[in-house]
Amino acid sequence: MKYAVYTMIAFLSLTSLTTSAQSKKYPDPPVANEKTQYPMAMTDAQWKAKLTPSQYYILRQKGTERAGTGQYDHFYKKGTYYSAASLQPVFSSDTKFDSHTGWPSFFAPINPDAVRLVVDNSDGMQRIEVVDSKSGSHLGHVFNDGPSPTGKRYCMNSAALIFVPEGGEAPTSSKAL
């Protein structure tokens, strides 16, 4: 019995230290609002010229692709996912997991400054929208039902992302899919 108590105390202490270290490794991104200024500002016409129609719908009009239709849903190659709007890296394949939701999901962004979180009260519910930090373009939403170590599920739209395989060159155009 005494051994069981010591084992439990050691386990709880180790779990506490591991959780603390993991939360420091994956800090939450900053929160933004409708007044947040983004470094990359373009007119609607410029966005339409830069993006494909589906990218424009998702990134600039806050659309969502149908579940199971995105090219990165069941895609597990090693590499980096870039925002199709700003061409900045936003997610790594190291944090990607199969959420069984029909959308590519990640437990953390590539770094906390890559994205911003925005309260989204659309469609009669409150969610947390994920936008890229350079342009404020819609990538998807984040939910608190993800795996360890963060417990987050960054549920993204494939059309909002450009995948570059490990060792590949960063994208230079949004339409180069």
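**Salt bridges in a predicted model**

Tutor: In this predicted model, the count comes to six salt bridges. Shall we look at some of them?

Student: What makes the contact of Glu 129 and Lys 62 a salt bridge?

Tutor: Their side chains meet at 3.4 Å, N to O. The cut-off is within 4 Å for a Lys or Arg nitrogen and an Asp or Glu carboxyl oxygen, so the pair qualifies.

Student: Why is this pair said to tie parts of the chain together?

Tutor: Glu 129 belongs to strand β6 (residues 127-132), while Lys 62 sits in the loop between α3 (53-59) and β1 (79-83), so the pair joins parts 67 residues apart in sequence.

Student: Why is Glu 129 called buried?

Tutor: Buried means under 20% relative accessible area. Glu 129 has 3%, so it counts as buried.

Student: And is its partner Lys 62 buried or exposed?

Tutor: Exposed: the relative accessible area of Lys 62 is 53%, and the term applies over 50%.

Student: How do you know that Asp 94 and Lys 78 form a salt bridge?

Tutor: Their N to O distance is 2.6 Å, and the rule asks for within 4 Å. Asp 94 is in the loop between β2 (89-92) and β3 (96-97), and Lys 78 in the loop between α3 and β1, 16 residues apart.

Student: Why is Lys 78 called partly exposed?

Tutor: Its relative accessible area is 45%, so Lys 78 falls between the cut-offs of 20% and 50%. Asp 94, at 52%, counts as exposed.

How values were computed. Residues are numbered from 1 along each chain as its sequence is written. This is a predicted model: local features need pLDDT of at least 70, side-chain atom pairs count only at pLDDT 80 or more; totals for chains, interfaces and linings use all residues. Side-chain values use heavy atoms; hydrogens and water are left out. Helices (H or I, at least four residues) and strands (E, at least two) are DSSP runs, numbered from the N terminus. Buried means under 20% relative accessible area, exposed over 50%, partly exposed in between (1.4 Å probe, protein chains only).
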